[in-house]
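Thank you all for coming; I would like to take a few minutes to walk through one structure. Please have the sequence and the model in view while I talk.

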Amino acid sequence: FFAQLIFLWLMSGIPCHAVEGNEINYETLTLRLYYEQKWDSLLLMGEEAIDNGHDYYYMRLRVGEAAFYKQRYVRAARHFEKARAFNSLDDYAIGFLYKSYHYSNQKNEVRLLLGKIPKEQALRIGKADYRPTLYLETGPAFTDHEKKYEENKQTDPGLYSEVYINRNSKYLLAGIAQPIGHRYLVNASAALLNFNKRRVVNISGLDTLSGDYKVSQLEMYLSASAILSKNITISPAFKLIKVNVEVPFTIEDTLIMNLIGPSNELNYYDYAAGGEISYHNPFATLSAGAWFIHIDKQDLTQVTGTLFVKPFGNLNFYSSTSLSWKKSEFESEYLFHQLIGGKIYRKLWGELLYTSGDLSYSTEQNIQVIYNAFDKTSGRAGSRLIFNFNDYLKISLRYQVFFREGTELFYAMDGNPGIYSYNYINQSITGGIIWNLH
């Protein structure tokens, strides 16, 4: 309180000239620029003053605020850090430093700052960082798979053909991110996915079977994040997926059953485990992750490196570039992912993304997303709009299109089997909300 009284007294008009003789009166000049909110000039003149030895608490505050209001949050944070060196417990400087870390996405610095100051002050300034964050996503997916199959199916006489057709699906995810102290965070979520499919079997001279069925998945996810230092974070993760496959049609004919298999409902589990280690600085985050993945009785390993860059030290423009390598018993493949995002207008942000490579049997976002469908994917493109109501509530709308490959098993009249492929697309629209319970 006493420090703030002094600050208000110093900020009041002091009758002196900006230039006394040949010497610049930096105190008067920067104070006038502060009152006039000429942030560009204040930033330039204030940093010149600091370089010339006029380095003290209130000078750092003014220059820090100038950088903050110009959205140069990394630069602002450096000045507020220096201000704290002069007065380590003043709410005014700590409040701006806290916001500068937040708006430049320096999450480790935020939590470590709260751990350095008295708990009462930390709760007053960073109350939201001790409260849970809830998130929810939901939306449909639709496809032209059936249309593309009809256009590309084998029309020559044959003994047998079989195809699985994707129709549409629904997705719902709910989760919570709960801070524990100032160094740890636990993230838990559950998701329900329902896929509507169709199986078509043609047996020459016997029967043509077509049946709709549903594949449902219940997914449980758990990860923990530990801040080892302001630069290093580790995040182990585990995911379990319960898969249920309904029976598309009931068969009583023994001969047909011998050809296409028994009509039994299937239940099995997919799972994945691993983690990431990340190195952070104010302008970039470099992450490396490795995971073991078990999908439909197949074991795979995936390794991913990701570089997230904020060239201007804020989220007005950013990019994320990932390169993944996945390996199974039979093959290995690389995947490349690029995302570019930034501020569009006021509280509205936008993102564009593209992925090259086969996403089937792969994972992303530290195994929060696992693609356990067997249809190969040659690529993906998408976009997302994010609207920030405030620092605690945001909503999003995401569109993605997946370029997939369908297959048909076909036995020609001479008995030779073949697998024939064709291309189709799958599109999804997902709405989301993130709410920090402050």
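Let me begin with D91, which counts as partly exposed because its relative accessibility is 24%; by the convention used here, buried means under 20% relative accessible area, exposed means over 50%, and partly exposed is what lies in between, with a 1.4 Å probe and protein chains only. Before going further, I should say that this is a predicted model, in which local features need pLDDT of at least 70 and side-chain atom pairs count only at pLDDT 80 or more, while totals for chains, interfaces and linings use all residues. Residues are numbered from 1 along each chain as its sequence is written, and side-chain values use heavy atoms, with hydrogens and water left out.

What does the side chain of D91 meet in a salt bridge? Its partner is R124, at 2.8 Å from N to O, where a salt bridge is a side-chain nitrogen of Lys or Arg within 4 Å of a carboxyl oxygen of Asp or Glu. D91 lies in helix α6 (residues 91-103) and R124 in helix α8 (residues 119-125), so the pair ties together parts that are 33 residues apart in sequence; helices here are DSSP runs of H or I with at least four residues, strands are runs of E with at least two, and both are numbered from the N terminus. R124 is partly exposed, with a relative accessible area of 47%.

A second pair joins R384 and E351, whose side chains meet in a salt bridge at 3.1 Å, N to O. Since R384 lies in strand β16 (residues 376-388) and E351 in strand β13 (residues 348-356), this pair ties together parts that are 33 residues apart in sequence. R384 counts as partly exposed at 23% relative accessibility, whereas E351 is buried, with a relative accessible area of 11%.

A third pair is D40 with K70, the closest N and O atoms being 3.4 Å apart. It links distant parts of the chain, with D40 in helix α3 (residues 39-51) and K70 in the loop between α4 (57-69) and α5 (73-86), 30 residues apart. D40 is partly exposed at 44%, and K70 is partly exposed at 32%. The search of the whole structure finds 17 salt bridges, and E146, R167, R198 and D212 are linked in a network of them.

Let me turn to the enclosed space. A cavity, on a 1 Å grid over the protein atoms alone, is a set of points where a 1.4 Å probe fits but cannot get out, and lining residues have an atom within 4 Å of a point. How many cavities of 30 Å³ or more are there? The count comes to 2, with grid points joined across faces, edges and corners, and volume taken as the space filled by probe spheres set on the points.

The largest cavity holds about 60 Å³, and it is lined by Y164, I165, N166, K197, Y213, A373, F374 and D375. Strand β4 (residues 158-180) gives the most to that lining, with 3 residues. The second largest cavity holds about 40 Å³, and its lining is made up of L359, S360, Y371, A373, D375, T377 and R404.

R404 also appears around N426, a residue of strand β18 (residues 417-436), since R404 is among the residues in contact with N426, where contact means heavy atoms within 4.5 Å and neighbours within four places in sequence are left aside. The other contacts of N426 are A141, F142, T143, Q400, V401 and F402. N426 itself counts as buried, at 11% relative accessibility.

Terms used: On a 1 Å grid over the protein atoms alone, a cavity is a set of points where a 1.4 Å probe fits but cannot get out, and a pocket is an open set with protein on both sides within 12 Å along at least five of seven lines; lining residues have an atom within 4 Å of a point.
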